[in-house]
Amino acid sequence: MNFLIEAFKPACSISIKFSDGKTRKRVPIKRENGQTLLAPLFRNQENIAGKITIEPHQGKRIEHNGVKVELLGQIEMYLDRGNFYDFTSLVRELDVPGDIYERTTYPFEFSMVEMPYETYNGVNVRLRYVLKVTVSRNYGGSIIEYLNFLVHNYSPPPSINTSIKMEVGIEDCLHIEFEYNKSKYHLKDVIIGKIFFFLVKIKIKNMDIEIRRRESTVTGATNHVETETLAKFELMDGAPVRGESIPVRLFLSPYALTPTHRNINNKFSVKYYLNLVLVDEEGLRYFKQQQITIYRLPLQDT
């Protein structure tokens, strides 16, 4: 039995370490099995460098057809699981065909790497960056090791950030106007606004504001849309009267938001909406929805 176990074990161990691994910031990332680990964080056009160590097991000789490291940016659709779409693909050849008899270390560096998109894990899609080390072999199959890392990209505060004004109305029954202070928010921002009641002839029971995320993906000729309600905040409990004004103050930091993603590599988009919901005493629901933009400021890495 031990012989069989040894026969199926990899002939060597591979470790990948970044040159600044001890000082580089790490942020949580959720794996497919639900576990959370800390992964190193990079941003667009950074240098990515480090060392790869290959160590044969129990003094074995590793005969190979070459050793290489790849830096890959990939999009995977969960409805097409296992098929990755590479939008970034860089390679460094580390060794020519030969033999590895003992622990061997290879330095590597990718300079000014174009990483235009943020890491994203959604309902039907994920975007990831990974280092892939391959020891190519004919006999026994190639030996491959992966190391995931994250990319966050930052945006300056927008020079133009207009307020949002909208109306909800039912002829001769209801006229409400709501106003939010701006249309673009950073991840730690606060939504501030007011709801004005100009005409109320229906008995409103309560009013909520929701933050919704809409993820749109394209697989072949098929479009898929998933909408999640990330936050629900009660603005009012009870019937309002004409002329009343309800303040809105909603902090975004407690919620698992990401920046808005627009048509990423023609594969997916992620948009956010503020959804105003009114419920009357008969249980009828009235909605009004407005798209907002979410962006990441520097230092918003957690």
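**Exercise 1. State how many helices and strands the chain has, and decide whether the fold is a compact globule or more spread out.**

Solution. Start with the secondary structure, which comes to 1 helix and 22 strands; helices (H or I, at least four residues) and strands (E, at least two) are DSSP runs, numbered from the N terminus. This is a predicted model, in which local features need pLDDT of at least 70 and side-chain atom pairs count only at pLDDT 80 or more, while totals for chains, interfaces and linings use all residues. Residues are numbered from 1 along each chain as its sequence is written, and side-chain values use heavy atoms, with hydrogens and water left out.

Next, take the radius of gyration over C-alpha atoms and set it against the globule rule, 2.2 Å times the number of residues to the power 0.38. The chain has a radius of gyration of 26 Å, well over the 19 Å that the rule gives for 302 residues, so the chain is more spread out than a compact globule. Finally, look at the box that the C-alpha atoms fill along the principal axes, which is roughly 85 × 45 × 35 Å.

**Exercise 2. Find what share of the residues is buried, and what share of the contacts links residues 24 or more positions apart.**

Solution. A residue is buried when its relative accessible area is under 20%, exposed when it is over 50%, and partly exposed in between (1.4 Å probe, protein chains only). By this criterion, 43% of the 302 residues count as buried. For the second part, contact means heavy atoms within 4.5 Å; among contacts with a separation of 6 or more, 68% are accounted for by residues 24 or more positions apart.

**Exercise 3. Describe the setting of strand S4, naming the strands that pair with S4.**

Solution. Strand S4 covers residues 48–56 and is mostly covered, with 7 of its 9 residues buried. Two strands pair if DSSP finds at least two bridges between them. Strand S1 (residues 12–18) is joined to S4 by 7 bridges and runs antiparallel to S4, with Ile 14 having Ile 54 in S4 as its bridge partner. S4 also pairs with strand S9 (residues 104–110), again in the antiparallel sense and over 7 bridges, and here Thr 53 stands opposite Thr 105 in S9.

**Exercise 4. Work out where Tyr 273 and Thr 217 lie, whether each is buried or exposed, and what each touches.**

Solution. Tyr 273 is placed in strand S21 (residues 268–280) and is buried, with a relative accessible area of 10%. Not counting residues up to four places away in sequence, Tyr 273 touches several residues, among them Glu 210, Arg 212, Gln 290 and Ile 292. Thr 217 is found in strand S17 (residues 204–219) and, at 2% relative accessibility, counts as buried. Leaving aside neighbours within four places in sequence, the contacts of Thr 217 include Met 77, Asn 124, His 224 and Phe 268.

**Exercise 5. Determine which sign phi has in Asn 263 and Asn 266, and how accessible these residues are.**

Solution. Begin with the background: most residues other than glycine have a negative phi. Asn 263, in strand S20 (residues 261–264), has a phi near 45°, which is positive, and is partly exposed at a relative accessible area of 47%. Asn 266 lies in the loop between S20 and S21; its phi is near 60°, also a positive value, and Asn 266 is exposed, with a relative accessible area of 57%.
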